[in-house]
Amino acid sequence: MKFNFEEQTLKYQKLGIVTPTKKMIKTEEQIEGIRKAGIINTKVLDYVSEKIHAGMTTEDINRLVQEKTTELGGNCAPLNYEGFPKSVCTSINDQVCHGIPDMHTILKNGDIINVDCTTIYQGYYADASRMFMIGEVDAEAKRLVRVTKECLDLAVKELKPYARLRDIGYTIEKHAKENGFSVVHEIGGHGVGIEFHEDPYIYHYGRKNTGMVLFPGMVFTIEPMINEGTRHVFLDASNNWTIYTDDGGRSSQFEYTVLITETGIEILAY
Ligand code: MF3
Ligand code: CO
Ligand code: CO
């Protein structure tokens, strides 16, 4: 049966379940725009994965992302977003997220790095990130990166229309903890598409079968940050952007932009 917003809203509200606002449901036209932004964003991350190597700087990654995005007809959303000074986030080892590229930070053998790209195409946004392992990485870092990707893929596998929002976080946290890792609580995923960050907030932890019901047409990111050690983090006061783990342990993150469809889900950027 075709999705009817008013009908489903009434049905779930009678059950006392929080429902999405109309604004959270994208139109076909909007979805097509976000899909195109996602295709560009994925190509940019593929390009980074071909070029990334020990000895290059995070500023070099910034240039690759800026050049490729522009070549494909898009714009980099991070640049000047709330004062962010660069076109991409590059977060190395104990940096959890929002690392700022610079010409002094050189990738070295054994580093793990997250590259987080967000493309604007004809006004539509898609947001995704991946981990890259530089040269020979130790076994624990490999396991951290693998488990992080598994957390995200498991959560996505269980996603379907009329699932509950906190199921996502439940699945992520369970898998992380089973592997001896922790989940960062302070930063979550988000609605995306018409703006960079929209409602709803997507938790990466929580209780099964709770939270908002997910309707077809919703587009949001899932972007778990998984730590080797403590889940606790702090903000770098010198730039007011970069988040680090409290204990200096390494952190890993993958991010997809996903669409809830009438029958399942579609990954719009990865
Ligand atoms: N791309 C990040 C996210 O996943 C947000 C970065 S904000 C920026 O939500 F300004 F640092 F780019
Ligand atoms: Co995001
Ligand atoms: Co992102």
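**View 1. Residues around ligand 1 in the predicted model**. Ligand 1 is surrounded by 14 residues, each with a heavy atom within 4 Å of it. Asp 127, His 190, His 197, Glu 223 and Glu 255 come nearest. The model is a predicted one, in which local features need pLDDT of at least 70, side-chain atom pairs count only at pLDDT 80 or more, and totals for chains, interfaces and linings use all residues. Residues are numbered from 1 along each chain as its sequence is written, chains are lettered from A and ligands numbered from 1 in the order in which they are written, and side-chain values use heavy atoms, with hydrogens and water left out.

**View 2. Polar contacts of ligand 1**. A polar contact is a pair of N or O atoms within 3.5 Å; within protein, one must be able to donate a hydrogen and the other to accept it, and residues adjacent in sequence count only if both atoms are side-chain atoms. A polar side-chain atom of His 197 is 2.8 Å from an oxygen atom of ligand 1. For Asp 127, an N or O atom of the side chain lies 3.0 Å from an oxygen atom of ligand 1, and for Glu 255 the distance from a polar side-chain atom to a ligand 1 oxygen atom is 3.0 Å. Taken alone, ligand 1 exposes 340 Å², of which the protein buries 97% (Shrake-Rupley method, 1.4 Å probe).

**View 3. The cobalt ion (ligand 3) and its donors**. Protein donors (N, O and S atoms within 2.8 Å of the metal, or 3.2 Å for Na, K and Ca; water is not among the atoms, so sites may look incomplete) are Asp 116 (OD), Asp 116 (OD), Asp 127 (OD) and Glu 255 (OE), at 2.0 to 2.4 Å from the ion. The cobalt ion (ligand 2) is 3.3 Å from the cobalt ion (ligand 3), and Asp 127 coordinates both. Asp 116 belongs to strand 4 (residues 112-121) and Asp 127 to strand 5 (residues 124-133), so the pair ties together parts that are eleven residues apart in sequence. Strands are DSSP runs of E, at least two residues; helices are runs of H or I, at least four; both are numbered from the N terminus. Asp 116 and Asp 127 are both buried (under 20% relative accessible area; exposed is over 50%, partly exposed in between; 1.4 Å probe, protein chains only).

**View 4. The two faces of helix 1 (residues 5-14)**. Phe 5, Gln 8, Thr 9 and Tyr 12 are the buried residues of helix 1. They lie on the same side of helix 1 because they cover an arc of only 105 degrees around the axis, taken from the directions from the helix axis to the C-beta atoms. Exposed residues Glu 6, Leu 10 and Lys 14 are carried on the face turned away from the buried side.
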